[in-house]
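Subject: The structure we talked about

Hi,

Here's the structure I said I'd pass on. Have a look around it first, then read my notes below.

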Amino acid sequence: MTPDTGPASHFPTRVFVGAIVVLCVALGSSAILNYRSMIELRNLYLEDRGREILAILTNSLRGPDRSDSNAWQGVMDEAMRSGSYSWLKYLALVSESGQVTATSGQLSQDLYLYEETVRAPRWGRQGGRWDHLGPRQQPEGGSPAMLRLRVGVVRSTAAFITRQAYLHLAVSGLAIVTLSVLAYFLARTFRRFLQLQAQEESQRRLAALGRLAATLAHEIRNPLGAIKGLTQVTQERLPRDHDTQELMTTVVTEAERLERLVTDLLTFAKPRSMALEELDLKALLADVAQQLRNQAESAQITFQIPTPQPPATVLADPDGLRQVLINIFLNAVEAAGPGSKIDVAIESSQQRHLIEICDEGAGIGDQDPEELFQPFVTTKTRGTGLGLAVSRQIVEGLGGTIELRNRKPRGTVCRITLPARASSTPQSEVMAAPAGGQ
Ligand SMILES: Nc1ncnc2c1ncn2[C@@H]1O[C@H](COP(=O)(O)OP(=O)(O)O)[C@@H](O)[C@H]1O
Ligand SMILES: [Mg+2]
């Protein structure tokens, strides 16, 4: 599979992000709680102040000497004496119906109002000045008229507390936003770092595996060749209808499968220099289709290959290109259902040849096609996951490209491009990517 960073390696990032989230939640909750307590404190303060003011006013308005026309002035005097003048500047009397009946000073924006209901005093505004209005007429059977009293507190401790509460809320909000942004970038960097680390580790392991595979493949190759060759010789010597013929064909097919695996492993582990020569792509395609005839027939699949004329000449390594085509054809055969066909098309221009190998299988679904090109990525129980990786290694070594796409209405298309003219890369440099690469 791809250099798998696995769930375990994401663990530190998750812990880190989790810690930041907890910190932000704690900060947010503390800010909200703090804000609420401060507002409560302010209200308590205002209530206290309000009661104090009310006591002064009630005494002033209802006291035995206060029923004269200078009642309002008396209130002010009283307030001045008790040091409450700054509040009384912003005092307003509001009737039960909500009408302002008397005010002192002006109301400012920075004003908190404490409101209380008191029994209506017996004075009011008359002809532009404050006057005693005489004994109040009590409504029959009704309660005495009441007035609402509003007291403004300006630039007071209450205002200060409120400002602090808002400031705290704003600073906490800013801290949370900054922390979140920081956490996002840090987590991203951290994750990238972990991925790079995992990739490096995976590359090291692949390189070691490649060396081991190369040794093993060399050891397997010769006896494998002997098994296949001798079985074919025996087959030729026996009559065509001999009852062991079919068994021997199976031995040859399986030996060929093993041979391909060994070749892919060797190519992947130790890319060889390519022997470039001019060859006809169409002839090679026909040859490969012929070579895979047995597998295609047993899967009831037919190949549709382009007509041989005009030839499509490329400068390529015949063995390497054959290996690519076999891998792609076999993938198509393995994906396509019985009775379907595999369509091969070539489109040639002066610069390049485009080869499209289309099958009518299930397609690659939602899978990232690039991931399928990673070594050892396979969805098959008997797959090695080397076919596409090695094919890309070879095609890119020839200066071409290879990609896999879903095809409409169904199936997969593998598109290979190869330069039509001689590659300018000197032969000694035409090497595929190093072992462990893709
Ligand atoms: N023609 C195709 N149709 C559907 N899936 C494909 C096709 N070719 C390749 N794949 C997917 O890509 C994976 C990797 O292919 P490959 O590298 O050749 O390895 P392997 O054939 O051993 O699985 C396959 O396991 C399969 O899931
Ligand atoms: Mg394959």
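One term before we start: contact here means heavy atoms within 4.5 Å. Also keep in mind that this is a predicted model.

With that in hand, find helix α9, residues 318-335, which lies across β8, β10, β11, β12 and β13. It runs at about 170° to β13. There's another helix to look for, α7 (residues 281-291), lying across β8, β10, β11 and β13. The angle between α7 and β10 (341-348) is about 170° as well.

So how are the strands ordered in the sheet? The order is β8-β10-β11-β13-β12, an open sheet of 5 strands with mixed pairing. At the edges sit β8 (302-304) and β12 (401-406), each pairing on one side only. From one strand to the next, the twist averages 15°.

If you'd like one pair to trace by eye, try β11 (residues 352-358) and β13 (residues 412-419): they run antiparallel and are joined by 7 bridges. Ile357, for example, has Cys414 in β13 as its bridge partner.

Now the ligand. Ligand 1 is surrounded by 18 residues, and the closest are Asp359, Thr378, Thr379, Lys380 and Thr384. A few distances to check on screen:

- Asp359: a side-chain N or O atom is 2.8 Å from a nitrogen atom of ligand 1.
- Thr379: a side-chain N or O atom is 2.4 Å from an oxygen atom of ligand 1.
- Gly387: a polar backbone atom is 3.3 Å from an oxygen atom of ligand 1.

On its own, ligand 1 has 530 Å² of accessible area, and the protein covers 91% of that.

Cheers

Definitions and conventions:
Residues numbered from 1 in each chain as written. Chains lettered and ligands numbered in written order. Predicted model: local features only at pLDDT ≥ 70, side-chain atom pairs only at ≥ 80, totals over all residues. Heavy atoms only, no water. Pairing = 2+ DSSP bridges. Helix = DSSP H or I, 4+ residues; strand = E, 2+ residues; numbered from the N terminus. Axes fitted to C-alpha atoms, helices over the stretch in contact; angles between N-to-C directions. Near = heavy atom within 4 Å. Polar contact = N/O pair within 3.5 Å; in protein donor to acceptor, adjacent residues only side chain to side chain. Areas by Shrake-Rupley, 256 points an atom, 1.4 Å probe, with all protein chains shown as cover.
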